[in-house]
Amino acid sequence: MRRDRVAAAILFCAGLFGWAEAQRYGTLSRLFPQVVAVALMLLSLILLLQSLTAGARRAAVAYRAQRAAGERPDARGVILALLVIVAWTLLLELLGFWTTSVLAFALLVYVLRAPDQRAATVWKTIFAGVLLVTLFVLLFRITLRVPLPEGLFW
Amino acid sequence: MPAVLQAVLTVLHPLNLLLISIGVTAGIGVGALPGLTATMAIALLVPFTFGMNVVHALVLLGGIYCGAIYGGSYAAILINTPGTPAAIATTFDGFALARKGHAYRAIVVATIASAIGGLVGVFFLLFLSPPLARASLRFGPPEFFWLTVFGLTIIATISPKSTVKGLIGGAVGLLIGTIGIAPIEGNVRFAFGTVALQNGITLIPALIGLFCLPEILDMIGSRYHRETAIPYRSQRHMLRRVWRLMARKPWLLLRSSVIGTVIGIVPGAGANIAGMVSYNEAVRVSKTPEKFGHGAIDGITASEAANNAGVAGSLVPLLTLGIPGAPPAAVLLGALLLKGMRPGAELFTVHAAVTYTFMFSLVIANIVLLPLGLMLGRAASKVVSGLPITLLAPLVFFLSVIGSFSIQNNVADVYVMLALGVVGYIGRRAGFQPGPIVLGLILGAMCEQGLVQSILMGRAAGTPLAIFFTRPISLVLIALTVVSAAWPMLARMRQRHTPAVAAAHTHPIVEEKRDA
């Protein structure tokens, strides 16, 4: 399958990079990473060879047929959610844990809403989320004494 | 004997029973949250015991330890994220069962297995502590190296669809595990000048990232096809039904509990590895190995019985030698020392009454765990099943962020979680499962240390490689490794000769239906 060939190529490069990078370390420090890197390269080559066999091609055809007949993931939703999640993580220290979490939570609920969902339902979900976030933040800050980042706000 | 009798009476005091119940409940609560480990549960709650007398403090902490290790199964079953690393193997079948609408059934299995595993572990602790502790001290670097190699053979079992992809995942995990300071020479490896990477990749954020984030993104990707992440099917007399199923396989329970106890005793191995090894053995011995990974209750039984048995196992070297068998036991050691109790012979002579009270409190904790676990588990499975994906996905990510951060109060751990989560999601789309990667990550450091230290020992003796193959425990572990590595291949060859099973394995549509 094509994705296996791509994965094998990427992993072979990762192994090669690991092996070359480890060359800079002392004998005992590089022994283990280099052994693992060589194993990774060999396994990647095996995966590549497997993906080129006739059996793999048949499996790819069956897989594509299955995908066409089955559920298709919502790629747009996944990408948008991932962007919100990345922003959530990066802004934690700047804005503060609670503020970022509440904003990102609300945004994520909005992004994930169904096209035909009523506005009241979306607002209810956002409200429930904000409440849960606040409860957990209080639990961690006060009861468990975890110093969550305070940032510009809280 | 009077000390034992006194201990039994003390532990049955209503106040102690209450403290054990509080400890188990608090432990379940903390363990169920992804990122909060049993170690953290005990460490967070130790300050509350400062003002207590030694017996009250120890029974409370023992309850927390048992509850937290068991609580990890909730998140593993309900959101495919091990609440504690000990519950990794529980995700393989627990979440599969939950997706079929049987979340509570999976929790009942986990609860019964945990309680029985815990009780078997305490039996070993009570009656066999001194000889077992002495045996565990015979583990040197070569034995640790072979133990980890044995652990890595589990990859063949947890990647039935593609062993090569499983092995690649394991190698990637081992390579990620080498990030940070080298254990022997002290070189900083693969940090690329980043301070955050110098201490290496912390296990918990990696675990959350690899298991949790791909699941969240999958939930999001499929939200138009299903309203909730997991459906909920109510069944009457669940406890009786599950118990009947589990009682048919007493050997599975006993074997898993013994594996958990023995691995828990080996310092450094702990419940994380115990669950995996036990799962592997359950698959190897099973007459229907093809059911594992698709919601087999035997898989949940094996993992949960072993990890809770490992709790008492980790206390064997702690109480007899002062060597903690696992990180939570190390925190308990601190609590013991704070109370003026020095592990070793003194615990069984001068402080015998207190020590036996602590041991018997673990019996009670495992008994109390059954009703409490069933009650809390029912509520948790109903709540999670009732949440729409639009609320559950952001909530789980929020818990992932807070859990990753709280490990070291460091935002860098959140970045690690996110990065590995994205890698895990892409890997999953390409057919790579997170289990082997995490296994490599867990075993990597111990494997490297065992390898390098053994080579140094061998060099000093003038035979660098002979040391790996000449020690009795090493030879046993090598034999186990060979059997464990060859078994899945032999099993698959045997299945190919059985026409019906072979057809089910090669037909892609059947494979897909089994996944559903």
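**Exercise 1. Is helix 3 (residues 38-45) of chain B mostly covered or mostly uncovered, and how many of its eight residues are buried?**

Keep in mind that this is a predicted model.

Step 1. Count the burial: six of the eight residues of helix 3 of chain B are buried, and that makes the helix mostly covered.

Step 2. Put names to them. The buried residues are Ala38(B), Thr39(B), Met40(B), Ala41(B), Ile42(B) and Leu45(B).

Step 3. Look for the cover. Helix 2 (14-32), helix 4 and helix 16 (327-338) of chain B are included in what covers the buried residues of helix 3.

**Exercise 2. Work out how far you'd trust chain B, and where you wouldn't.**

Step 1. Start with the average: chain B has a mean pLDDT of 84, with 92% of its residues at 70 or more.

Step 2. Go element by element. Strand 2 (residues 188-189) of chain B has the highest mean pLDDT, 92, while helix 24 (residues 508-515) of chain B sits at the other end with the lowest, 36. Residues 500-516 of chain B have pLDDT below 50, and that stretch makes 13 contacts in the model beyond near neighbours in sequence.

Step 3. For the model as a whole, ipTM comes out at 0.89 and pTM at 0.79.

**Exercise 3. Decide whether chain B is as compact as a globular protein of its length.**

Step 1. Take stock of the parts: chain B holds 24 helices and two strands.

Step 2. Compare the radius of gyration, 22 Å, with the 24 Å from the globule rule for 516 residues; the two are close, so chain B is as compact as a globular protein of that length.

Step 3. Add some context. The C-alpha trace of chain B spans about 65 × 65 × 50 Å along its principal axes, and 60% of the chain's 516 residues count as buried. Of the contacts in chain B between residues at least 6 apart in sequence, 78% join residues at least 24 apart.

**Exercise 4. Describe the contact between the chains, then zoom in on helix 5 of chain A.**

Step 1. Tally the residues: chain A puts in 56 and chain B 45.

Step 2. Find the contributors on chain A. Helix 1 (2-22), helix 2 (27-52), helix 3 (54-69), helix 4 (75-95), helix 5 (97-112) and helix 6 (119-143) each give at least two residues to the side that touches chain B. Helix 2 of chain A has the largest share, 14 residues.

Step 3. Sort that side of chain A by class: 39 residues are nonpolar, eleven polar and six charged.

Step 4. Check the length of helix 5 of chain A. Its 16 residues should span 22 Å at 1.5 Å a residue, and the end C-alpha atoms are 22 Å apart, so the two agree.

Step 5. See what it packs against. Buried residues of helix 5 of chain A, among them Phe97(A), Trp98(A) and Phe105(A), pack against helix 4 and helix 6 of chain A as well as helix 11 (203-221) and helix 19 (389-408) of chain B.

**Exercise 5. Contrast the surroundings of Asn80(B) and Asn409(B).**

Step 1. Recall the background: most residues other than glycine have a negative phi.

Step 2. Asn80(B) has a positive phi of about 60°, and Asn409(B) has one near 50°.

Step 3. Locate them. Asn80(B) lies in the loop between helix 4 (54-79) and helix 5 (88-99) of chain B, Asn409(B) in the loop between helix 19 and helix 20 (411-429) of chain B.

Step 4. Count neighbours. Asn80(B) has 26 other C-beta atoms within 10 Å and is buried; Asn409(B) has 11 inside 10 Å and counts as exposed.

How values were computed
Residues are numbered from 1 along each chain as its sequence is written. Chains are lettered from A and ligands numbered from 1 in the order in which they are written. This is a predicted model: local features need pLDDT of at least 70, side-chain atom pairs count only at pLDDT 80 or more; totals for chains, interfaces and linings use all residues. pLDDT is the predictor's confidence in each residue, from 0 to 100. Helices (H or I, at least four residues) and strands (E, at least two) are DSSP runs, numbered from the N terminus. Two residues are in contact if their C-beta atoms, placed from the backbone, lie within 7 Å. Ala, Val, Leu, Ile, Met, Phe, Trp, Tyr, Cys and Pro count as nonpolar, Asp, Glu, Lys and Arg as charged, and the others, Gly among them, as polar. The radius of gyration is taken over C-alpha atoms; the globule rule is 2.2 Å times the number of residues to the power 0.38. A residue is buried if 20 or more other C-beta atoms lie within 10 Å of its own, exposed if 12 or fewer, and partly exposed in between; C-beta atoms are placed from the backbone. The expected span of a helix is 1.5 Å times one less than its number of residues.
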